[in-house]
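Please open the model in a viewer and keep a selection tool at hand. The stops below follow one another, each with a selection and a description of what it shows.

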Amino acid sequence: MNTPVISATGLWTPPNSISNEELVHSYNVWADNWNRERAADISAGLIEPKTHSSVEFIQKASGIKSRFVIDKAGILDPDIMAPRIAERPNDRISVLAEIAVNAARDALERSGRKAEDVDAVICAASNMQRAYPAMAVEVQDALGCGGFAFDMNVACSSATFGIQTAADFIRSGSAKSVLVVNPEICSGHLNFTDRDSHFIFGDVATAILVEEESIAPVGHWKILGTKLKTQFSNNIRNNFGFLNRAAPEGIDAPDKLFVQEGRKVFKEVVPMVANMIASQMEELDIKPESLRRMWLHQANANMNRLISSKVLGREATEDESPTVLDTYANTSSAGSIIAFHKNSGDFKHGQRGLICSFGAGYSAGTVFVEKAA
Ligand code: COA
């Protein structure tokens, strides 16, 4: 059987960053305006006024300090409270494909691989820009890759599900060089008027090149094992879809954007993921002391602290479980890949680590890797 490895990763970060202070300021102006416009109903006790968001709460509850976004002005404008990204004609590359291509070029360059030698492209992300043609086929065309391409969506776990899918193609001989891209314009589906979640997400794109070991560059990453899990939950949900027009009364309702029961997600996902990691470590005979680093999904710093201490039996250091959500926020499927991309250059031959993602579905994926010579 062919052996899949990770040859390289790539990252594209938007140029604009929004601090918690900026985000909270525009939310609070929006809330004050909302209350003023409904002052009569509020004083008659018919509706509750909106309360202010807080920088301190956001940092303490999530660990997020800022986020990168494609459009800063629209998000911060209290009269808009959403990104403004102009529609493009069909003869121009779409914005989601464009950011995926940026990250893909970075991965291809790092691995020394020519685009024409890639024989499959998977666009694994939370929210595709359109139904079809697949974003992945557009990326394949823009880069000049061969073979086949398709989209897959497993929400925040899309990248690890994409890695296992790519690895299985390589094992079976369907492909030799598979590019997995994770373009995430999360600001497009975040409700910036929802105090409970307006701070959660950021935009980014990552790419992972999964290849057959014999063609991989020096310093690639062996894949020791992958595991995927899903378990149905309504606690993270987005009901946007093509059937919305068949029920026009629901169009633009809050559930057509991201909604979650954050507390429940926290409580249910932490044990699910910690148990999954522990049981796969047992299967692969990896002891906690021989796991050099965990690149965990970047949703919540407290969640990651709990998961890593359950796995290690003690609190992990920042070096053992690096954080990128402080500056990127939750970037859905891309989070654990950003953490890996930015914090793996110091690995020596034989050192082992874990890429792990989790999120809506629920879904979770683990990829244990080892640095090759
Ligand atoms: N500013 C100030 N206060 C806020 C606030 C804000 N922006 N948002 C919520 N609060 C208040 C709530 O109203 C609540 O007040 P109350 O106690 O008077 O009712 C209090 O803070 C606690 O709210 P809660 O929602 O229980 O906070 P939390 O500690 O659970 O943190 C999350 C919220 C979202 C950060 C946290 O639950 C989380 O990250 N969960 C996991 C999310 C996740 O991984 N999702 C996956 C997405 S793909």
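Select helices α8 and α9 together, in what is a predicted model. On the α8 side of their contact are Val265, Phe266, Val269, Val270, Val273, Ala274, Ile277 and Met281; they meet Asn302, Met303, Leu306, Ile307, Lys310 and Val311 of α9. Sorted by class, this contact comprises twelve nonpolar residues, one polar and one charged. For the geometry, display the two axes: α8 spans residues 262-284 and α9 residues 301-312, and their axes come within 9 Å, crossing at roughly 30°. The crossing is right-handed.

Next, select Val273, Ile277, Leu291, Ile307, Val311 and Phe358. Within the largest nonpolar core, which has 50 residues, these six touch the most other members. To see what surrounds them, colour the elements that each supply at least two residues of this core: α1 (20-37), α3 (55-62), α4 (72-76), α8, β11 (291-296), α9, β12 (352-359) and β13 (363-371). The greatest contribution to this core is that of α8, with eight residues.

Centre the view on isoleucine 307. Which residues is isoleucine 307 in contact with, leaving aside its neighbours within four places in sequence? They are Val270, Val273, Ile277, Leu296 and Phe358.

Then move to Val154, Val204, Val210 and Val367. These four are among the members of a second core, separate from the largest and made up of 35 residues.

The following stop is a loop. Select histidine 189, located between β6 (177-185) and β7 (203-212). Is histidine 189 buried or exposed? Its relative accessible area is 9%, and because the limit for a buried residue is under 20%, histidine 189 counts as buried. Show its partners as well: apart from neighbours within four places in sequence, histidine 189 is in contact with Asn127, Phe201, Asn238, Leu257 and Phe258.

Finally, select helix α7, residues 158-172. From first C-alpha to last, the 15 residues of α7 reach 21 Å, close to the expected 21 Å at 1.5 Å a residue. Eleven of these 15 residues are buried, so α7 is largely enclosed by the rest of the structure. To display the buried set, select Ser158, Ala159, Thr160, Phe161, Gly162, Ile163, Gln164, Ala166, Ala167, Phe169 and Ile170. Extend the selection to glycine 173, which follows α7 and has a positive phi, near 90°.

Definitions and conventions
Residues are numbered from 1 along each chain as its sequence is written. This is a predicted model: local features need pLDDT of at least 70, side-chain atom pairs count only at pLDDT 80 or more; totals for chains, interfaces and linings use all residues. Side-chain values use heavy atoms; hydrogens and water are left out. Axes are lines fitted to C-alpha atoms, for helices over the stretch in contact, and angles run from 0 to 180 degrees between N-to-C directions. Helices (H or I, at least four residues) and strands (E, at least two) are DSSP runs, numbered from the N terminus. A crossing is left-handed if the near helix is turned anticlockwise from the far one by less than a right angle, and right-handed if clockwise. Contact means heavy atoms within 4.5 Å. Ala, Val, Leu, Ile, Met, Phe, Trp, Tyr, Cys and Pro count as nonpolar, Asp, Glu, Lys and Arg as charged, and the others, Gly among them, as polar. A nonpolar core is a set of buried Ala, Val, Leu, Ile, Met, Phe, Trp, Tyr and Cys residues joined through side-chain atoms within 4.5 Å. Buried means under 20% relative accessible area, exposed over 50%, partly exposed in between (1.4 Å probe, protein chains only). The expected span of a helix is 1.5 Å times one less than its number of residues.
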